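Biologist: I'd like to walk through this model with you. Can you put it up so we can both look?

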Amino acid sequence: MIRRRTPHPNADSLGPTARSCSKEATMSVISNTPRQEDDRTGNRGGTGRVISLGEVAADIMISVGQLPHPGGFSFADRNYMTVGGSYGTLQAAARLGVESQHAGVIGNGPWATMIRMAMERDGITHIGQDRLDEDSGFRVIVGDGGTRKTVIVSYGAEAHGEADAFDMIEPAPGDVVQISGNTLVNRTASAVYAFLRRTDAHWADYGDGLGGSEGDRHHLLADETAALGVKPGGAETDGHMSEAEQSDVERPPRRPFHLVFNPMGMSGHLNDSLLETLILARPIWSCNKEEARMLAHRLGVAITEPEPITVNGSTDAAMPELCDGLGAVLDAPLIVRTGATGAWLWEPGDDGDADGSSLMHIEGYATKALHTQSAGRCHTGALCAMLARGANLEDAVELANAATSIAVSRANEGSGAPECPTMEEAMALVAG
């Protein structure tokens with residue numbers, strides 16, 4: 001099927017409601033995806049897996065009428081315990097029928113037991129390390145009726161992974177690996193750093209170019225490059241490369257799996273080396289507008305301040321400038337979520353050609369929001385699920401917008417968290 005895209009050579013040429021995806025194309029991708037049912041959970045499908053390297057911890061949610069002053073006292077109106085962190089992303093992907101696996105560290109204790117029980121309930125598999133010497137951590141989230149919440153974090157096993165914590169993770173072709181910014185501000189960041197360098201041919205100085213924490217060569221990229229007659233630099237060769245051929249190499253071979261990164265507002269806290277490694281890995285960046293602007297400031301992208309707002313309260317006029325500027329620096333697909341209005345998708349041109357980049361606005365679906373927490377994890381989980389099913393980015397964002405619209409109309413009675421729908425429910429909204 002021929003799909004209409006909106007090329008975007010400059011910000012002024014973009015129409016405000018340029019829709020990127022056809023509903024027929026999205027439905028075709030979903031309906032043509034082979035399904036593989038699991039006898040135990042009935043919750044498996046698609047050709048790839050969603051693997052999260054993010055942290056999973058317990059959330060203790062407390063609602064008070066007003067936060068007390070330091071040393072003061074306040075009564076809680078209600079409280080609720082749930083599983084948070086990257087769990088919402090995995091839960092969304094599982095509900096959309098895709099095999100979901102958690103690669104992070106889980107501890108030993110009451111919080112870890114709570115996490116394991118939730119994974120058992122939602123059909124999520126833990127493939128990461130287990131620690132017997134400490135429990136998983138927790139977060140205390142205090143709401144006072146306003147739009148912001150006070151968060152107190154107590155780190156546990158999930159934040160104390162060593163550099164080899166992800167060495168056993170070998171994504172297969174078609175898998176989707178999700179990384180959260182929350183994992184990059186504690187000790188487990190060293191494991192993410194090792195994983196990125198192990199699976200990215202940019203780092204020719206690290207374990208024969210594709211090694212892990214101990215220099216082991218990543219067999220997926222090694223097999224792929226050998227089959228193509230390609231050296232880690234990216235040029236076709238019979239085993240020898242001239243200096244001229246080496247100088248023409250611009251990009252390493254593409255990894256055989258998708259990599260999705262959510263900054264989660266943590267871009268200002270990442271050290272330069274880790275941020276450089278992330279940018280060179282060229283993942284799919286998925287963030288909300290505030291996170292995108294924070295990242296733009298960190299990378300020195302020139303954007304208008306304060307953010308332009310039209311008389312009807314819309315900030316869409318500022319999005320082309322933000323997406324073009326940030327996308328050009330990242331040189332990788334960029335998704336910026338804008339709530340009820342949908343999302344913006346920036347993609348680089350072939351071989352990183354900035355002049356061939358495209359920007360499109362993928363509209364959202366009108367709904368009445370009942371949730372009290374961010375729906376970003378649901379959107380990311382749906383995005384990853386669609387990529388694992390073989391969809392392209394436009395179709396994946398289209399379905400993620402629909403799933404998120406349904407999710408925010410359903411608030412968990414206790415936690416107030418958005419409830420991600422099934423694939424059939426999301427498909428029905430897209431079709432309708």
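**Rings, loops and surface**

Modeller: Sure, and keep in mind that it's a predicted model. Searching the whole structure turns up four aromatic pairs.

Biologist: Take Trp111 and Phe138: what kind of aromatic pair do they form?

Modeller: Their ring centres are 5.4 Å apart, with 40° between the planes. Planes under 30 degrees apart would count as stacked and over 60 as edge-to-face, so the rest fall in between. That makes the pair of Trp111 and Phe138 tilted.

Biologist: How many residues apart in sequence are the parts that this pair ties together?

Modeller: Trp111 sits in helix H3 (residues 110-122), while Phe138 belongs to strand S6 (residues 138-143). The pair therefore ties together parts whose separation in sequence is 27 residues.

Biologist: Is Phe138 buried or partly exposed?

Modeller: Its relative accessibility is 24%. Buried would mean under 20% and exposed over 50%, so Phe138 counts as partly exposed.

Biologist: And what about Phe195 and Phe257, what sort of pair are those rings?

Modeller: Here the centres are 6.3 Å apart and the planes stand at 50°. With that angle, the pair of Phe195 and Phe257 is tilted.

Biologist: How far apart in the chain are Phe195 and Phe257?

Modeller: Phe195 is in helix H4 (residues 189-198). Phe257 is in the loop between helix H6 (243-248) and strand S9 (258-262). The pair links distant parts of the chain, and the separation is 62 residues.

Biologist: Which residue lies over the face of Phe257?

Modeller: Phe257 is buried, as is its partner Phe195. At 5.8 Å from the ring centre of Phe257, the residue lying over its face is Arg255.

Biologist: On to Gln91: is it buried or exposed?

Modeller: Gln91 is found in helix H2 (residues 87-95). Its relative accessible area is 16%, and the cut-off for buried is under 20%. So Gln91 is buried.

Biologist: Which residues is Gln91 in contact with, leaving aside its neighbours within four places in sequence?

Modeller: Skipping those neighbours leaves a short list for Gln91. The residues it touches are Arg121, Asp122 and Ile124.

Biologist: What is the phi of Arg282?

Modeller: Arg282 lies in the loop between helix H7 (272-281) and strand S10 (284-288), and it is partly exposed at 23% relative accessible area. Its phi is positive even though the residue is something other than glycine. The value is near 50°.

Biologist: Asp331 has a positive phi too; is that residue buried or exposed?

Modeller: Asp331 isn't a glycine either, and its phi is about 55°. You'll find it in the loop between helix H9 (319-330) and strand S11 (334-337). Its relative accessibility is 16%, so Asp331 counts as buried.

Biologist: Which residues make the nonpolar surface patch of about 260 Å²?

Modeller: One member sits in strand S7 (residues 149-154) and is partly exposed, with a relative accessible area of 45%; that's Val153. Patch members need over 30% relative accessible area, so Val153 clears that bar. The patch is made by Val151, Val153 and Tyr155.

Biologist: Zooming out, what share of the residues in the protein chain is buried?

Modeller: The chain has twelve helices and 13 strands. There are 432 residues in the chain, and the buried share is 52%.

Notes. Residues are numbered from 1 along each chain as its sequence is written. This is a predicted model: local features need pLDDT of at least 70, side-chain atom pairs count only at pLDDT 80 or more; totals for chains, interfaces and linings use all residues. Side-chain values use heavy atoms; hydrogens and water are left out. Patches are made of residues with over 30% relative accessible area and no salt bridge: like charges are joined within 9 Å, nonpolar side chains (Val, Leu, Ile, Met, Phe, Trp, Tyr) within 5 Å. Accessible areas come from the Shrake-Rupley method with a 1.4 Å probe; for residues, only the protein chains shown count as cover. A salt bridge is a side-chain nitrogen of Lys or Arg within 4 Å of a carboxyl oxygen of Asp or Glu. Helices (H or I, at least four residues) and strands (E, at least two) are DSSP runs, numbered from the N terminus. Buried means under 20% relative accessible area, exposed over 50%, partly exposed in between (1.4 Å probe, protein chains only). Rings of Phe, Tyr and Trp (its six-membered ring) pair if their centres lie within 6.5 Å; planes under 30 degrees apart count as stacked, over 60 as edge-to-face and the rest as tilted. A charge sits over a ring if NZ of Lys or CZ of Arg is within 6 Å of the ring centre and within 35 degrees of the ring normal. Contact means heavy atoms within 4.5 Å.
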